[in-house]
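Visitor: I should like to study one enclosed part of this protein closely. Please begin by showing me the sequence and the model.

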Amino acid sequence: MNVPAHVVLPDSGAELLRQELALGFAQAGCRVSRVAPEALHDVQNPQALSRLADSGPFLLFSVNFQGLNPLRQTLELLERYGGRAAVWCVDNPWNLLAGARDPRWKGLPLFVTDESFIDPLMAHGAAFVRNLPLAASFEIFGPNAARDKAFPVPENLAPFVFVGRSAFPGKETFFAGQETPENLRQRAESMLPQGQRPDLTWWERELACAPGAFWPGKAARPPALGAENANLAWRRLCLEAAARAGLDKRGGEGYPGLDVFGDEGWRENLPEGARLRPPVDYYARLPGIYARAQYSLCLTSLQLPAGLNQRHFDVWAAGGVCLSDATPGLRLFPEELTRPICFHKPDDIGPLAERLEASGKKAVLAADWRRHLRERHTYAHRALSVLDALASPS
């Protein structure tokens, strides 16, 4: 595939990562257009695509298939106007493909944030699948005095901070009619305090899912549900441990040990010693919170067995310190960076923070993380990886 100099990003303006990708592709030397998804497949009014084609062939780079449905119609329009499509699956690809019926997705270049999906997708007929992890955007999350003055950090932050949803939007609807055996749920939850990870692949094995049977249909949903429910149990245990550790650091009652910035769904899962704060604007307020917090918890999704999440990059870029659970995805980074901030069991969170403070090297470690991310893991690096992969697809 010839790599065009023009990249088109479907962007409704409501999702994350589009701004980061736009900056990354621009830094890689591409012209970038951000286009409303519905404009990309309007047969009666294709002016958006015709304008995009004015300067020659272009790459439609879709996050989670946004802007591509209906797939046949959109791909035909793209071909008519000199465009090609590639997809970056930021979430569990089987969840993204759950509603798809058109097999043309198999012919698209697919990028995944979790390399454990590469072989299963190819076993289902995908012709091109590459790993493309998340990355850092220092332009957005780096220190910014004007932004931080306009959006000050909440006062009296707890020693530990966690930012995130209690469940992904539409979870109940997506898993309607699905269930997992109670004995497996109990086994999974008994594994968590020991640092064992009943992730998606564990659930696939325990449910005896047949290889090559995740698409089409709903065969991928039961293991995803099991992993998602185990994920909430894992987060609950880690938040409890962080709240206890934070209270010990404060040395007195009446002060929270943990601040959870999230939705009301956390209310029934909020541990003693934790305070629920409202959700915050990702681009305006979150960088300052990460920079000011003593520790930000990075709890990965069990639906992504070898995945990272955006906190692994944003916290360090903002100038903060993240403590991460022991996801295999940490292999992306040097061990000397991950060892001091990685915990296997929830009860390891407090001692890990204590060791880090006692070492006197917390600031040095944070600076080393920022340097490494700048050198190897920005969205400009990811954009170049996409362009290189498409230029040499074999």
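Visitor: How many nonpolar, polar and charged residues does the lining of the largest cavity have?

Guide: By class, three residues of that lining are nonpolar, three are polar and two are charged. Here Ala, Val, Leu, Ile, Met, Phe, Trp, Tyr, Cys and Pro count as nonpolar, Asp, Glu, Lys and Arg as charged, and the others, Gly among them, as polar. The model is a predicted one, in which local features need pLDDT of at least 70 and side-chain atom pairs count only at pLDDT 80 or more, while totals for chains, interfaces and linings use all residues. Residues are numbered from 1 along each chain as its sequence is written, and side-chain values use heavy atoms, with hydrogens and water left out.

The largest cavity has a volume of about 50 Å³. A cavity is a set of points on a 1 Å grid over the protein atoms alone where a 1.4 Å probe fits but cannot get out, and lining residues have an atom within 4 Å of a point. Lining the largest cavity are Thr-180, Arg-185, Ala-188, Glu-189, Trp-203, Gly-226, Asn-229 and Ala-230. Two elements, α9 and α11 (221–250), each give two or more residues to this lining; helices are DSSP runs (H or I) of at least four residues, numbered from the N terminus.

Helix α9 spans residues 182–191, and Leu-184, Ala-188 and Met-191 are buried in it, that is, under 20% relative accessible area with a 1.4 Å probe, protein chains only. These three residues lie on the same side of α9 because they cover an arc of only 60° around the axis. Residues three or four places apart in an α-helix point the same way, because there are 3.6 residues a turn. The cover over the buried residues of α9 includes α10 (200–206). Ala-188 thus has two roles in this picture: it is buried in α9, and it also lines the largest cavity.

The whole structure holds two cavities of 30 Å³ or more. The second largest has a volume of about 30 Å³. Its lining consists of Trp-94, Asn-95, Ala-98, Phe-214, Gly-217, Lys-218, Ala-220 and Arg-221. By class, four of these residues are nonpolar, two are polar and two are charged. To return to the part you chose, the lining of the largest cavity has three nonpolar, three polar and two charged residues, with Arg-185 and Glu-189 among its members.

Terms used. Buried means under 20% relative accessible area, exposed over 50%, partly exposed in between (1.4 Å probe, protein chains only). The arc is that of the directions from the helix axis to the C-beta atoms. Contact means heavy atoms within 4.5 Å. On a 1 Å grid over the protein atoms alone, a cavity is a set of points where a 1.4 Å probe fits but cannot get out, and a pocket is an open set with protein on both sides within 12 Å along at least five of seven lines; lining residues have an atom within 4 Å of a point. Grid points are joined across faces, edges and corners, and a volume is the space filled by probe spheres set on the points.
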